[in-house]
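Me: Could you walk me through this model and show how each label is earned? I would like to see the value set beside its definition each time.

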Amino acid sequence: MSYVIEINNLKKKFIKEKGLIEFIFHPFRKEIITALDDVSLKIKKGEICGLLGPNGAGKTTLIKILSTLIIPDSGKASINGYDVVKEEDYVKDSIGLIHHNERSFFWRLTGRQNLEFFATIYGIKRNNMKEEVNKVLEIVGLKDKAHIRFNSYSTGMKRKMSIARGLLTNPDILFVDEPSNGLDPVSAMKIRKFLKEELVEKLKKTILIATHDLKEAESICNEIVILDKGKIKIQGTLKKIQKNTGINNLEKIFEKVTGCK
Amino acid sequence: MFSELMAFLKKDFLSASSYKLDFAMSFVGIFFSVISFFFVSRLIPNAAVVDYGGDYFSFVLIGLALSNFIGLGMGSFSGIIRSMQRTGTIETILTSRTKLRHFLIGSSLWGYFMTIFDVSIYFIFGMFLFGMKLNANIPAALIILILNTICFSAIGIIAASMILIFKQGDPLTWIFTSLSSILGGTLYPITIMPIWLQKIAELLPITHALRAMRRAMIQGYPLSALKMDILFLLFFSLALIPISLIIFKMSLRKAKKDGSLVKY
């Protein structure tokens, strides 16, 4: 069985930031927040794994550790066999990070100009650049809109541009943070369909999605992981989870394991 | 690295050229600044700057021009980091193989181009409309400008490291900017200050950069006559660049450990 993402006993704690009053009255007091508590997880190639959990569950921390943006306190995580702390550069070659922060694009530039800029800093050679940019624009269906300024795109188009940027280096693994956040139901459905049919079934990518949207997870994920207060509460295929809990509805399962209603 | 830097320049050019009015306004702003200092220079006796050729207008215009570069060197990197934290671009960059320091250098390039352009406009207005007198030793001036840029960029990299850790507070730029503007001699020669303040001023790189630049640009001093100021800037640059890069690397690691890269 080939696992492209392997996480073993990952732990991460943060020190809570203090307000001014707290800083004045308790300058040495530290409040520790456990973001990840002994998390272990394995994800197979070609899967879509949905990372579910309430706010503060540790979903984003986990994705950021796997993206080399946060250094864990202990434990080990590897991507395509490369350690996320010790072999950062090789990990970066294997991953694409797709987040919904539209501001990370340059709004006065066209879609194509944005992608050409990111392609250069991702190390794509000048003679391949046009081809690579066209390829990702075609995948996300924005080739005929590439000449339009980014600030004129709809939210759905901006989200697709984020996906296009994440695909520029043709990575094996994509980390997607809240893919349908802020999208209308039709655009959200299109994005989900695109992730599943185009990226996983056609291009054989592996995707780890952090989402609040249980319907989204239910509709596209092969594997589901529910995190709460930094711990994995439940994981497996939807069928397996339904069988183990004796509950058919994912929403009810979520309520049961996290206590969130 | 070269193609990365060119990509930054192209991106910033495309962005800046889409704001045409802003571009025109900066041109007008320079004109008003030059005209103001031209009239102020009428008030000041030329004897006050006799060590620099005796023309206050040339003295102050060079001071302002070099201060633009100094401000850019000290402030641009921290400004870029702050903006990257706000927009989330820092995460996009850090998941690529591009080193963050390359990103900083690339992002500041357009600022340097625009400053060179602004300074040229200062000099064009000064010389052709207001009779600014120059007897420039261009190679010496270029060497001073390069050393000045390296030196203040190193301070700027340390300031950017502070932004990575402390987010808003950047005491280093504040201290250096305040001290430099009061003691460095941008608007007046340091010789009008008390001796003890002059001694403090001699410890600041801006004092050496301004003195050497004025002597090279106004009086055409050769490099040999500027060697003490140049050596000071060289020493400062050689010492600060590795220190600043180490501090930056440590700050980045700390921000990654704290999970605070995009907090601002």
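Reply: Happy to; what follows is a set of questions and answers on labels in this structure.

Me: What should I know before reading the numbers?

Reply: This is a predicted model, in which local features need pLDDT of at least 70 and side-chain atom pairs count only at pLDDT 80 or more, while totals for chains, interfaces and linings use all residues. Residues are numbered from 1 along each chain as its sequence is written, and chains are lettered from A and ligands numbered from 1 in the order in which they are written.

Me: What is the mean pLDDT of chain A?

Reply: The mean is 88, and 99% of the residues of chain A reach 70 or more; pLDDT is the predictor's confidence in each residue, from 0 to 100. Within chain A, confidence is lowest in helix α1 (residues 20–25), with a mean of 77, and highest in strand β5 (residues 82–83), at 96. Helices (H or I, at least four residues) and strands (E, at least two) are DSSP runs, numbered from the N terminus.

Me: Why is D184(A) called exposed?

Reply: A residue is exposed if 12 or fewer other C-beta atoms lie within 10 Å of its own, buried if 20 or more do, and partly exposed in between, with C-beta atoms placed from the backbone. D184(A) has 12 such atoms, so it counts as exposed. D184(A) sits in the loop between β7 and α7 (185–202) of chain A.

Me: And why is N170(A) called partly exposed?

Reply: N170(A) has 13 C-beta neighbours inside 10 Å, so it counts as partly exposed. Its phi is positive, about 50°, although N170(A) is not a glycine. The residue belongs to the loop between α6 (155–167) and β7 (173–177) of chain A.

Me: What makes D38(A) partly exposed?

Reply: D38(A) is partly exposed because 14 other C-beta atoms lie within 10 Å. D38(A) is in strand β2 (residues 32–44) of chain A, and its phi is positive, near 60°, in a residue other than glycine.

Me: How do you know that the span of α10(B) agrees with its number of residues?

Reply: The expected span of a helix is 1.5 Å times one less than its number of residues. Helix α10 (residues 227–258) of chain B has 32 residues and should span 46 Å; its end C-alpha atoms are 45 Å apart, so the two agree. After α10(B) comes G259(B), with a positive phi near 65°.
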